[in-house]
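Here are my notes on this one, as numbered points. Have the viewer open while you read.

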Amino acid sequence: MVKITIGRHEGDRRWYDTFEVEEKPGMTLLEALFYIQERLDGGLCFRYSCRGAVCGSCAMLINRRPGLACRTQLSDVKGEVINEAHRDQILLKKAPLDANKEEVIVEPLPNLKVIKDLVVDMEHFYMLLDAVKPWINIPDDRSHEENIIDPHLQMQIERYTNCILCATCHGSCPAAARNSNYMGPAALAKAWRFYLDPRSNKEDLAELLTTIDSKEGIWGCDVVYNCVNVCPRKVPPTTAILKFRDVLKKE
Ligand code: SF4
């Protein structure tokens with residue numbers, strides 16, 4: 001049996017519940033949450049969809065580190081010693097944790113409002129993303145033209161298009177914890193993806209640089225690489241931010 005301690009939220013109430021889950025070989029944390037919901041507490045709320053690390057819906061704090069429940073093996077995290085660096089990011093009252101008892105602690109993603117239990121409100125995250133206008137405006141008279149992108153450049157762009165908007169990076173970001181207006185790693189990585197794209201027009205790129213050139217944008221980053229370390233798709237937001245800083249320093 002594995003003990004799973006879950007940070008619960010309902011309205012203004014916050015508390016921790018510990019459940020015992022019968023571990024099966026290859027069991028993921030998401031499967032353990034289903035076990036709890038189906039057999040022990042039908043009221044437990046968590047978000048999921050694809051169950052295969054494609055949709056990004058099941059992002060949560062796992063042993064005080066942001067990650068996807070569907071791609072986390074229970075055997076990898078039970079009894080894990082919690083990284084002290086991540087303790088400070090937790091907005092919740094700390095739960096008691098006994099690492100000797102094969103325990104896992106699960107909490108909602110930080111830096112976003114909690115709706116219930118492990119379900120956070122993604123609205124703010126999407127609003128920050130919208131601020132960088134993550135799309136390409138192709139004029140009507142060019143909309144039927146073929147756009148051939150250099151394969152080398154395409155590979156650079158693809159590092160950033162792999163983002164699944166899970167907000168794991170946002171939940172790990174100390175700048176986002178301090179300042180809710182900070183655009184955050186995902187939006188700035190997305191901005192770099194469109195900055196690199198040769199189909200973006202000059203006016204939009206100039207506007208983009210103005211948007212991100214502030215303390216709420218690229219200058220707000222602490223450059224601690226939390227986002228790079230936790231991203232399940234290996235997107236490197238800090239690299240994008242540093243590249244933007246180089247661009248703006250040169251202007
Ligand atoms: Fe998730 Fe990575 Fe995209 Fe951040 S950059 S939202 S961690 S996939």
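1. Let's start with the spacing of the two halves: the centres of domain 1 and domain 2 are 29 Å apart, taken over C-alpha atoms. Domain 1 covers residues 2-120 and domain 2 covers 123-250. Keep in mind that this is a predicted model.

2. How many residues of each domain are in contact with the other? From domain 1 there are 15, and they touch 16 residues of domain 2.

3. On the area side, the two domains bury about 1,100 Å² between them. Carbon and sulfur atoms account for 58% of that buried area. I quote the figure because the size of an interface is often given as the accessible area lost when the parts come together.

4. Next, the largest pocket, which comes out at about 350 Å³. It has 17 lining residues, and the ones closest to its centre are Pro 66, Gly 67, Leu 68, Arg 71 and Thr 72. If you want to centre a box there, those are the names to look up.

5. Which domains supply the lining of the largest pocket? Both domain 1 and domain 2 do, with at least three residues from each. By element, β4 (65-68), α2 (74-77) and α10 (226-230) each put in at least two residues. The largest share belongs to β4, with 4 residues.

6. As for the chemistry of that lining, the largest pocket has 8 nonpolar, 5 polar and 4 charged residues.

7. The second largest pocket holds about 180 Å³ of space. Its lining runs to 14 residues, and nearest the centre you'll find Val 132, Lys 133, Trp 135, Asp 204 and Leu 208. Helix α9 (residues 202-212) gives the most to this lining, 5 residues. By class, the second largest pocket is lined by 7 nonpolar, 4 polar and 3 charged residues.

8. Then there's the ligand. What surrounds it? One stretch of the shell is Cys 163, Ile 164, Leu 165, Cys 166, Ala 167, Thr 168 and Cys 169. Ala 186 is also around the ligand, as are Cys 231, Pro 232, Arg 233 and Val 235.

9. How does the shell around the ligand divide by class? It has 10 nonpolar residues, with 1 polar and 1 charged residue beside them. Going by the names, the cysteines in the shell are Cys 163, Cys 166, Cys 169 and Cys 231.

How values were computed: Residues numbered from 1 in each chain as written. Predicted model: local features only at pLDDT ≥ 70, side-chain atom pairs only at ≥ 80, totals over all residues. Heavy atoms only, no water. 1 Å grid on protein atoms, 1.4 Å probe; cavity = no way out; pocket = protein on both sides within 12 Å on 5 of 7 lines; lining within 4 Å. Points joined across faces, edges and corners; volume = space filled by probe spheres on them. Nonpolar A, V, L, I, M, F, W, Y, C, P; charged D, E, K, R; others polar. Domains from an automatic or database assignment. Near = heavy atom within 4 Å. Contact = heavy atoms within 4.5 Å. Buried area = accessible area lost by both parts, 1.4 Å probe.
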